[in-house]
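User: Could you take a close look at one part of this model, the nonpolar core and the pairs of side chains around it? I would like a connected account that I can follow with the structure open.

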Amino acid sequence: MAVPATMISKALRAQSLRSTSLLGKPQTRAATTSQMPNSSPTPRRRSVTVSNDTGYVPWKDLSAGEKAARSTQQSFNFGVVLLGAGLTGAVAYILYMEVFSTDSKTAVFNKAADRIRKDSRCLDILAGTDGHHTKHEITAHGEPSWSRWARNRTIASRHETDRAGIEHTYLHFYVEGPKDHGTVQVHVTRRPNEKEWEYRLLALDVAGHQRVELENKDASLLGSKQGMGKMFGVRWN
């Protein structure tokens with residue numbers, strides 16, 4: 001029995017389609033990846049010493065020698081801090097005693113200079129009598145020097161305590177005005193258990209002028225003693 005040509009053609013076409021589908025189907029293959037071990041070793045940290053310790057390495061990770069190095073460094077740093085604090089305190093104490101304290105010669109100098117500026121007699125001699133000058137034009141300074149800064153900070157003074165426990169401070173400084181200049185003499189005393197200084201002498205000396213005395217209790221005391229004459233041949237003093 002003869003097979004029709006159309007059936008043979010369909011069979012060949014179906015066979016061809018099956019072959020094509022088998023060839024075009026992707027084939028999957030399980031791929032296995034193997035993790036390569038880390039062959040690079042862990043980097044070693046630098047040894048901690050007194051000179052290179054930054055505190056980055058925790059205390060628990062330090063060796064005995066490194067702990068000793070860190071302790072030494074911290075002790076040194078603490079000593080430096082204490083030394084700095086001590087020096088700062090010493091400077092502050094000296095600054096207070098020399099400038100801000102009422103016991104300092106600078107405080108006595110400032111008060112005496114202010115009294116000279118406010119006195120009308122001193123103002124007339126140093127600044128003139130025309131009335132156009134004020135006390136702010138009168139400057140006061142210590143011993144003359146080539147440096148104006150050093151001159152303004154050097155005040156000649158002497159401090160002593162007598163047998164009665166009374167403190168005596170002597171100093172002199174210089175004043176200058178638009179018209180003239182002169183020297184100021186100061187003597188102040190302070191009795192035991194007292195805080196304020198008492199003026200014994202405060203005077204301005206200007207060449208060509210009579211001394212201007214703002215305070216002179218020493219002369220008053222001396223004059224009262226000299227005024228006590230003799231009576232019945234006996235000096236009562």
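Analyst: What follows starts with the chain as a whole, moves to the core and the helix that contributes to it, and then turns to the charged and aromatic pairs.

The model is a predicted one, and the chain in it has 6 helices and 8 strands. Read from the N terminus, these elements come in the order α-α-α-α-β-α-β-β-β-β-β-α-β-β. Of the 237 residues in the chain, 23% are buried. Among contacts with a separation of 6 or more, 38% are between residues 24 or more positions apart.

The largest nonpolar core has 24 residues, and the members that touch the most others are Ile116, Phe173, Val175, Val184, Val186, Leu202 and Leu204. Two or more residues come from each of helix H3 (105-118), helix H4 (120-127), strand E3 (167-176), strand E4 (181-190), strand E5 (198-205) and strand E6 (212-216). Helix H3 gives the most to this core, with 5 residues. As a general background, nonpolar side chains in soluble globular proteins tend to be buried together.

Val184 offers a useful point from which to inspect the core. Beyond its neighbours within four places in sequence, Val184 is in contact with Ile116, Leu171, His172, Phe173, Val175, Leu202, Ala203 and Leu204.

Helix H3 deserves a look of its own. It has 14 residues and reaches 20 Å from its first C-alpha to its last, close to the 20 Å expected at 1.5 Å a residue. The buried residues in H3 are Thr106, Ala107, Val108, Phe109, Ala112, Ala113 and Ile116. When reading such a list, it helps to recall that an α-helix has 3.6 residues a turn, so residues three or four places apart point the same way.

One of these buried residues of H3 also takes part in an aromatic pair, and a search of the whole structure finds 1 such pair. The rings of Phe109 and Phe173 have their centres 4.8 Å apart and their planes at 85°, so the pair is edge-to-face, planes over 60 degrees apart being counted that way. The pair links distant parts of the chain, since Phe109 lies in helix H3 and Phe173 in strand E3, 64 residues apart. Both rings belong to buried residues, Phe109 having 8% relative accessibility and Phe173 having 0%.

Helix H3 also carries a charged side chain, Arg115, which forms a salt bridge with Glu215, their closest N and O atoms being 3.2 Å apart. This pair too links distant parts of the chain, with Arg115 in helix H3 and Glu215 in strand E6, 100 residues apart. Arg115 is partly exposed because its relative accessible area is 29%, and Glu215, at 21%, is likewise partly exposed. The charged end of Arg115 in addition sits over the ring of Tyr199, 5.1 Å from its centre.

The salt bridge just described belongs to a set of 8 in the structure, and in general side chains of opposite charge can pair when their charged atoms come close. Another joins Glu160 to Arg158, at 3.6 Å from N to O. Glu160 is partly exposed at 35% relative accessibility, as is Arg158 at 45%. Arg158 also lies over the face of Tyr170, at 4.2 Å from the ring centre, so that an arginine is found both in a salt bridge and over a ring.

A further salt bridge is formed by Arg200 and Glu198, with N and O 3.9 Å apart. Arg200 is buried, because its relative accessible area of 17% is under the 20% limit, whereas Glu198 is partly exposed at 30%. Salt bridges that share partners join Glu198, Arg200 and Lys217 into one network.

One last place to examine is the loop between E4 and E5, where Asn193 lies. Most residues other than glycine have a negative phi. Asn193, however, has a positive phi of about 70° although it is not a glycine. At 86% relative accessibility, Asn193 counts as exposed, in contrast to Phe173, which is buried at 0%.

How values were computed: Residues are numbered from 1 along each chain as its sequence is written. This is a predicted model: local features need pLDDT of at least 70, side-chain atom pairs count only at pLDDT 80 or more; totals for chains, interfaces and linings use all residues. Side-chain values use heavy atoms; hydrogens and water are left out. A nonpolar core is a set of buried Ala, Val, Leu, Ile, Met, Phe, Trp, Tyr and Cys residues joined through side-chain atoms within 4.5 Å. Buried means under 20% relative accessible area, exposed over 50%, partly exposed in between (1.4 Å probe, protein chains only). Helices (H or I, at least four residues) and strands (E, at least two) are DSSP runs, numbered from the N terminus. Contact means heavy atoms within 4.5 Å. A salt bridge is a side-chain nitrogen of Lys or Arg within 4 Å of a carboxyl oxygen of Asp or Glu. Rings of Phe, Tyr and Trp (its six-membered ring) pair if their centres lie within 6.5 Å; planes under 30 degrees apart count as stacked, over 60 as edge-to-face and the rest as tilted. A charge sits over a ring if NZ of Lys or CZ of Arg is within 6 Å of the ring centre and within 35 degrees of the ring normal. The expected span of a helix is 1.5 Å times one less than its number of residues.
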